[in-house]
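Colleague: Could you walk me through this model before I go back to the bench? I'd like the overall picture, then a few residues.

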Amino acid sequence: MGREILAARMGGAWRMRAGQTVRIFNPYGTQAVDAWALADDGAETGDGTLQYSSMEHTRSVNSSIYLDTGLAVMGMDRRPLFTMVEDTTPGHHDTQLCPCNGPLYADLDQPPEHRSCAGNFHDALSHLGLSLPFTPASLNLFMRVGVGPEGEILRQLPVARPGDHVTLRADRDIVLVLSVCPQDVTPINGADCTPREIELEFSEAADE
């Protein structure tokens with residue numbers, strides 16, 4: 001299948017069937033991508049909202065603060081939503097930092113209209129007629145975040161190479177949401193603080 005470009009600073013949402021994969025290419029090697037999944041199989045949480053990806057349960061089930069090849073992102077029901085099945089980067093994708101949002105950019109003296117991963121999440125869902133009343137924590141693909149000896153969070157420069165990619169496999173019917181992180185104040189997206197596009201390649205659905 002051909003590749004689809006997701007523009008810098010923007011988000012998107014796609015329905016994926018169980019067994020379907022998406023390969024996410026990082027053409028420049030510097031771009032962080034926030035990722036979420038919602039169950040598209042009727043599963044709900046206890047309060048009736050859509051079953052959504054949970055970084056706290058992902059860390060608990062995997063016994064890791066990172067996502068690497070062979071590990072899955074869990075829903076609030078502790079069932080896998082998708083698994084990372086391939087990774088050409090050095091790995092250790094972040095599960096700790098929050099998706100950037102309006103208050104974060106206000107703290108960085110940016111205008112209210114500055115795009116954010118939280119805003120991209122809700123905008124992308126709205127195009128599928130879906131909504132959540134809050135923004136779940138995100139899986140932060142290609143983002144390098146370490147932990148210091150006293151537990152301090154270390155925001156590090158990206159280490160992926162141009163053209164590196166990860167492949168995610170849907171473990172049940174899901175809505176995958178991606179945000180090409182708009183951060184242009186701190187060097188999360190490289191030393192030049194410049195957001196750049198990513199490329200996507202979806203496989204055919206498993207039963208096609």
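Colleague: What radius of gyration does the protein have, and what would a compact globule with 208 residues have?

Modeller: The protein has 16 Å, which agrees with the value near 17 Å for a compact globule of 208 residues; the radius is taken over C-alpha atoms, and the globule rule is 2.2 Å times the number of residues to the power 0.38. Please keep in mind that this is a predicted model, where local features need pLDDT of at least 70 and side-chain atom pairs count only at pLDDT 80 or more, while totals for chains, interfaces and linings use all residues. Residues are numbered from 1 along each chain as its sequence is written, and side-chain values use heavy atoms, with hydrogens and water left out.

Colleague: How many helices and strands are there?

Modeller: There are three helices and 14 strands, where helices (H or I, at least four residues) and strands (E, at least two) are DSSP runs numbered from the N terminus.

Colleague: And what share of the residues is buried?

Modeller: Buried residues account for 50% of the 208, with buried meaning under 20% relative accessible area, exposed over 50%, and partly exposed in between (1.4 Å probe, protein chains only).

Colleague: Switching to single residues, where is Thr95 found?

Modeller: Thr95 lies in the loop between strand E8 (93-94) and helix H2 (102-107).

Colleague: Is Thr95 buried or exposed there?

Modeller: Thr95 has a relative accessible area of 2%, so it counts as buried.

Colleague: Which residues does Thr95 touch?

Modeller: Leaving out residues up to four places away in sequence, Thr95 touches Met55, Arg59, Ile65, Tyr66, Leu67, Ser138 and Leu139, a contact being heavy atoms within 4.5 Å. With Ile65 there is also a reach from the side chain of Thr95 to the backbone oxygen, at 2.7 Å.

Colleague: Which residue other than glycine has a positive phi near 65°?

Modeller: That is Phe142, which sits in the loop between strand E9 (139-141) and strand E10 (145-147). Phe142 has 5% relative accessibility and therefore counts as buried.

Colleague: What about Arg9, what is its phi?

Modeller: Arg9 is not a glycine either, yet its phi is positive, about 75°. Arg9 belongs to the loop between strand E1 (4-6) and strand E2 (11-16), and it is partly exposed because its relative accessible area is 32%.

Colleague: Last one, what does the C-alpha trace span along its principal axes?

Modeller: The C-alpha trace of the protein spans about 45 × 35 × 35 Å along those axes.

How values were computed
Polar contact = N/O pair within 3.5 Å; in protein donor to acceptor, adjacent residues only side chain to side chain.
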